[in-house]
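Here are my notes on this one, jotted down as I went through it. Have the viewer open while you read.

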Amino acid sequence: MSAGFLLVLSGPSGSGKGTVSQGLMKENDKIVFSTSVTTRTPRPGEVNGDNYFFTTIEEFEEMVKKDELLEYAFVHTNYYGTPKKFVFDEIKKGEIVLLEIDVQGALQIKKRYKEAVFIFLLPPTMSELKNRLKKRDTETEEEINTRYRNAFRELDFVGEYDYFVVNNEVKKAVEDIENIIAAERLRVKRHKNIKEQMLSERSEI
Ligand code: 5GP
């Protein structure tokens with residue numbers, strides 16, 4: 001069985017993390033999505049337990065107190081966090097667990113989990129990012145501006161990531177990530193007993 005690991009995908013709002021994640025999951029049944037907890041109100045069409053677990057600030061703080069979150073951060077104007085138990089259960093089963101989280105959360109993971117893989121998703125250009133944010137029609141103008149300003153701050157952290165993928169075309173971005181996963185699966189450090197496995201088959205010629 002191949003070893004499971006954490007795959008952290010970050011990128012500014014509007015870079016297309018959601019669409020790329022969905023494309024990845026559709027094509028790969030060994031990738032499972034970690035559903036985050038958030039205090040943000042659901043957007044039209046969002047389903048509790050599917051897109052996010054929507055909670056109150058009190059419930060969120062309770063989870064923090066009980067140490068139930070792997071990481072959490074205040075992003076834009078709300079809290080977001082990753083439930084710990086699901087992630088560990090799935091990794092134990094050998095799955096690749098996809099975390100679609102912001103840079104603050106990614107940095108927390110980086111400090112604690114050396115085996116995690118970090119990918120930063122970029123838009124083709126920053127003006128294209130602005131167009132995408134405006135086109136989404138899911139946020140107010142003020143929210144769009146906050147997200148656009150934050151995008152430049154997030155870019156400061158691209159150097160902390162292992163890989164970057166440009167999302168010009170979703171299909172190509174998904175393929176790039178699949179190639180990263182394929183290479184990461186072959187890292188010697190993820191197969192600690194590879195030598196023993198080969199030696200166990202040794203016999204006289
Ligand atoms: P949105 O409100 O557009 O769904 O997400 C806003 C931002 O929060 C995105 O950058 C998204 O990646 C990030 N985010 C979503 N879930 C989590 C999480 O569990 N932890 C952290 N740190 N960020 C998250």
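1. Let me start with a definition, since the charged pairs come up early: a salt bridge here is a side-chain nitrogen of Lys or Arg within 4 Å of a carboxyl oxygen of Asp or Glu. Lys172 and Asp176 meet that rule, with their closest N and O atoms 2.9 Å apart. Both residues sit in helix 7 (residues 170-185), four residues apart, about one turn of the helix. How accessible are the two partners? Lys172 has a relative accessible area of 41%, so it is partly exposed, and Asp176 is partly exposed too, at 23%. Elsewhere, salt bridges with shared partners tie Arg40, Arg43, Glu46, Arg136, Glu139 and Arg147 into one network.

2. Keep in mind that this is a predicted model. By the rule above, the count of salt bridges comes to 15. As general background, side chains of opposite charge can pair when their charged atoms come close.

3. Back to that network, where two of the pairs deserve a look. Glu46 bridges to Arg40, and the closest N and O atoms are 2.9 Å apart. Buried or exposed, what is Glu46? Glu46 has a relative accessible area of 18%, which puts it under the 20% cut-off for buried. Arg40 is buried as well, at 8%.

4. The other pair is Glu139 with Arg147, whose side chains meet in a salt bridge at 3.9 Å, N to O. Set that beside the cut-off of 4 Å if you plan to look at the geometry. Glu139 is buried, with a relative accessible area of 10%, and Arg147 also counts as buried at 10% relative accessibility.

5. Now the overall picture. The protein has eight helices and nine strands. Its radius of gyration is 19 Å, close to the 17 Å that the globule rule gives for 205 residues, so the protein is as compact as a globular protein of that length. Along the principal axes, the C-alpha atoms fill a box of roughly 75 × 40 × 30 Å.

6. A few totals go with that. Buried residues account for 42% of the 205 residues. The protein exposes about 12,200 Å², and carbon and sulfur atoms supply 52% of that area. For contacts between residues at least 6 apart in sequence, 69% join residues at least 24 apart.

7. Which strands pair with strand 7? Strand 1 (residues 5-10) runs parallel to strand 7 and is joined to it by five bridges. Strand 2 (residues 31-33) also pairs with strand 7 in the parallel sense, over three bridges. To find the register, Leu6 has Val97 as its bridge partner in strand 7, while Ile31 stands opposite Ile96. Four of the five residues of strand 7 (residues 96-100) are buried, so this strand is largely enclosed by the rest of the structure.

8. Val97 is a good residue to zoom in on within strand 7. Val97 is buried, with a relative accessible area of 0%. Leaving out residues up to four places away in sequence, Val97 touches Phe5, Leu6, Leu7, Val32, Ser34, Phe86, Val87, Glu90 and Ile91. Among those, Phe86 is 11 residues from Val97 in sequence, with 9.2 Å between their C-alpha atoms.

9. Phe74 in strand 5 (residues 69-75) is another one to check. At 45% relative accessibility, Phe74 counts as partly exposed. Which residues does Phe74 contact, leaving aside neighbours within four places in sequence? They are Tyr79 and Gln104. The C-alpha atoms of Phe74 and Asp102 are separated by 9.4 Å, with their positions 28 residues apart along the chain.

10. Last, the surface. Val158, Phe164 and Val166 form a nonpolar patch there, with about 240 Å² of accessible area together. Phe164 belongs to strand 9 (residues 163-166). Why does Phe164 count as exposed? Its relative accessibility is 56%, and the cut-off for exposed is over 50%.

Notes:
Residues numbered from 1 in each chain as written. Predicted model: local features only at pLDDT ≥ 70, side-chain atom pairs only at ≥ 80, totals over all residues. Heavy atoms only, no water. Patch = residues over 30% accessible without salt bridge, like charges linked within 9 Å, V, L, I, M, F, W, Y side chains within 5 Å. Areas by Shrake-Rupley, 256 points an atom, 1.4 Å probe, with all protein chains shown as cover. Helix = DSSP H or I, 4+ residues; strand = E, 2+ residues; numbered from the N terminus. Buried < 20%, exposed > 50% of the residue type's maximum accessible area, 1.4 Å probe, protein only. Rg over C-alpha atoms; globule rule 2.2 N^0.38 Å. Contact = heavy atoms within 4.5 Å. Pairing = 2+ DSSP bridges.
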